[in-house]
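Student: Before we go through this protein, could we look at it together?
Tutor: Certainly; here it is, and your questions can follow.

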Amino acid sequence: MEKNEALKKFLLRLGDNALIQGHRLSEWCSRGPMLEEDIALSNLALDNIGRAQAFLDYAGHFYTNPLSADDLAFKRSERQYFNFLMAELPVGHFGFTIAKQLYISAYEELLFEALTQSTDETIAAIAHKAVKEARYHFSHAADWCVRLGLGTAESHDKLGSAMTDLWAYTQEFFEMTDGDLLLLQLGIAPDQNQIKKVWTDKVNKVFMRAGYVMPAECYQYSGSQQGIHTEYLGHLLCEMQYLQRSHPQAAW
């Protein structure tokens with residue numbers, strides 16, 4: 001695989017993860033368990049949308065006919081998206097969303113920290129901002145995990161079930177394609193195996209603080225790097241892309 005194609009795919013994955021996470025988090029707007037948390041989740045969504053715009057805008061430069069971030073967000077089909085399967089799962093109850101945020105933000109904090117050292121100056125610049133956001137996202141999720149885990153019996157059980165159910169989607173974070181290996185050699189992208197070791201320890205510390213035991217090894221879902229997704233992404237894109245699909249030339 002050529003460098004530019006590998007870089008484009010890597011950028012799309014980063015942008016798609018942020019875009020789909022941002023969309024899911026935005027679904028909590030006006031539905032949060034309390035006003036402060038309603039605002040917090042909306043702000044997390046905005047962080048993700050801003051990051052998506054940055055990565056997708058850069059990815060658009062690697063197409064034969066350059067595309068904008070809007071083109072990539074609103075004009076691609078389901079099989080052309082490369083976000084993690086976990087990101088596209090429905091928000092579920094509050095504890096389910098918090099469990100998703102714990103796993104994803106722990107990974108993203110470590111990923112963006114590594115990407116600040118990328119030999120690609122644009123990626124490094126985006127990562128310098130993104131790592132600060134991801135650090136807050138992780139702290140927010142970890143604090144809620146402790147509050148729910150040490151709260152009532154119901155909150156403990158619901159969060160614990162969500163943690164276990166979502167564990168089957170976590171190992172997809174660390175899969176590396178031939179393109180990723182090429183970017184690793186060029187110093188553009190990090191070694192996911194190294195990130196996995198630190199991520200496991202980081203998440204396990206939250207489990208112990210919240211009164212849980214890390215889930216046992218289980219079957220792991222994957223496929224997003226080949227554009228294979230759950231049924232939920234198609235429904236999400238139908239909603240997100242409706243205006244652009246219905247009125248292709250619409251402009252504000």
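Student: Which element of the protein has the lowest mean pLDDT, and which the highest?
Tutor: This is a predicted model, in which local features need pLDDT of at least 70, side-chain atom pairs count only at pLDDT 80 or more, and totals for chains, interfaces and linings use all residues. Residues are numbered from 1 along each chain as its sequence is written, and side-chain values use heavy atoms, with hydrogens and water left out. The pLDDT is the predictor's confidence in each residue, from 0 to 100, and its mean over the protein is 95, with 99% of residues at 70 or more. Among the elements, where helices (H or I, at least four residues) and strands (E, at least two) are DSSP runs numbered from the N terminus, the lowest mean, 88, belongs to helix α11 (residues 242-246) and the highest, 98, to α5.

Student: At what angle do helix α5 and helix α6 pack?
Tutor: Axes are lines fitted to C-alpha atoms, for helices over the stretch in contact, and angles run from 0 to 180 degrees between N-to-C directions. For α5 (residues 94-115) and α6 (residues 121-149), the axes lie 7 Å apart and the angle is about 145°.

Student: Is Val131 buried or exposed?
Tutor: Val131 lies in helix α6, and, leaving aside neighbours within four places in sequence, Val131 is in contact (heavy atoms within 4.5 Å) with Glu109, Phe112, Glu113 and Thr116. Buried means under 20% relative accessible area, exposed over 50% and partly exposed in between, with a 1.4 Å probe and protein chains only. Because its relative accessibility is 7%, Val131 counts as buried.

Student: Which residues does Asn17 touch, not counting those up to four places away in sequence?
Tutor: Asn17 has its place in helix α1 (residues 3-26). With a relative accessibility of 5%, Asn17 counts as buried, and, beyond residues up to four places away in sequence, Asn17 touches Asn83, Phe84 and Ala87.

Student: What is the phi of Ser30?
Tutor: Ser30 lies in the loop between α1 and α2 (35-59), where Ser30 is exposed, with a relative accessible area of 64%. Most residues other than glycine have a negative phi, and most peptide bonds are trans. Ser30 is not a glycine, yet has a positive phi of about 75°.
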